[in-house]
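Trainee: Please take one part of this model and go through it closely. I would like the pairing, the burial and the surroundings in one account.

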Amino acid sequence: MSERLIFGLISLCLMIRCTGGNERCGASIRGACPPAWSQWGDKCYKKLSEKLPWAEAKQECIKMGSVLVMPQSQEETEFLQNNMYSRFWINCNDLHVEGSWMCQDGTTYVEYRNWKEGEPSNSWGKEDCAVLSPAGDWNDVPCENHVPTICQRPAPQLHF
Ligand SMILES: [Ca+2]
Ligand SMILES: [Ca+2]
């Protein structure tokens with residue numbers, strides 16, 4: 001049975017149990033992440049066990065019905081560093097136009113930037129993918145580097 005199906009069945013059971021005006025019940029279900037996913041706010045996160053090149057990392061997340069992580073605040077970054085990895089790929093690249101960085105939360109363009117001083121440096125003319133460094137700020141590195149990966153997906157929203 002797929003993870004999605006199991007989660008769907010759990011949600012359905014909870015939904016049936018929670019009919020009948022139990023308000024606390026409804027509130028506790030909203031935003032629950034699937035098993036093996038960690039929650040922060042309205043997002044769910046999962047780390048991959050393998051270090052991967054950027055394009056493969058992005059693809060692996062899509063295979064799991066998620067996207068490559070794109071933290072948009074210091075608070076979110078701290079949660080990820082404390083609970084997942086201290087260093088990981090983020091969904092930012094300048095592969096299409098050198099120096100023009102595209103950061104995306106799924107398909108939504110993200111304005112937030114947190115480059116380390118002196119970055120992005122495009123060192124040796126071949127740094128087109130962004131890594132969140134242990135200090136919490138960003139650096140551009142070669143996309144073929146093998147780096148830890150975190151995937152994200154929205155927390156399911158169940159309305160009663
Ligand atoms: Ca570049
Ligand atoms: Ca760099």
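Mentor: Two strands pair if DSSP finds at least two bridges between them; strands (E, at least two residues) and helices (H or I, at least four) are DSSP runs, numbered from the N terminus. The model is predicted, with pLDDT of at least 70 needed for local features and 80 or more for side-chain atom pairs, while totals for chains, interfaces and linings use all residues. Residues are numbered from 1 along each chain as its sequence is written, and chains are lettered from A and ligands numbered from 1 in the order written.

The part I choose is β4, residues 88-93. β4 is joined to β5 (residues 102-105) by 2 bridges, in the antiparallel sense, and C92 faces C103 of β5. With β7 (residues 129-132), β4 forms 3 bridges, also antiparallel; there F88 lies opposite L132.

All 6 of the 6 residues of β4 are buried (20 or more other C-beta atoms within 10 Å of their own, C-beta atoms being placed from the backbone), so the strand is largely enclosed by the rest of the structure.

Two β4 residues, W89 and I90, also matter for the largest nonpolar core, a core being a set of buried Ala, Val, Leu, Ile, Met, Phe, Trp, Tyr and Cys residues joined through C-beta atoms within 7 Å. Of its 23 residues, these two, with L68 and V69, touch the most other members. β4 is one of the elements supplying at least two residues, as are α3 (54-63) and β9.

L68 links back to β4: beyond its neighbours within four places in sequence, it is in contact (C-beta atoms within 7 Å) with W89 and N91, and also with A57, K58, C61 and C151.

Key
A residue is buried if 20 or more other C-beta atoms lie within 10 Å of its own, exposed if 12 or fewer, and partly exposed in between; C-beta atoms are placed from the backbone. Two residues are in contact if their C-beta atoms, placed from the backbone, lie within 7 Å.
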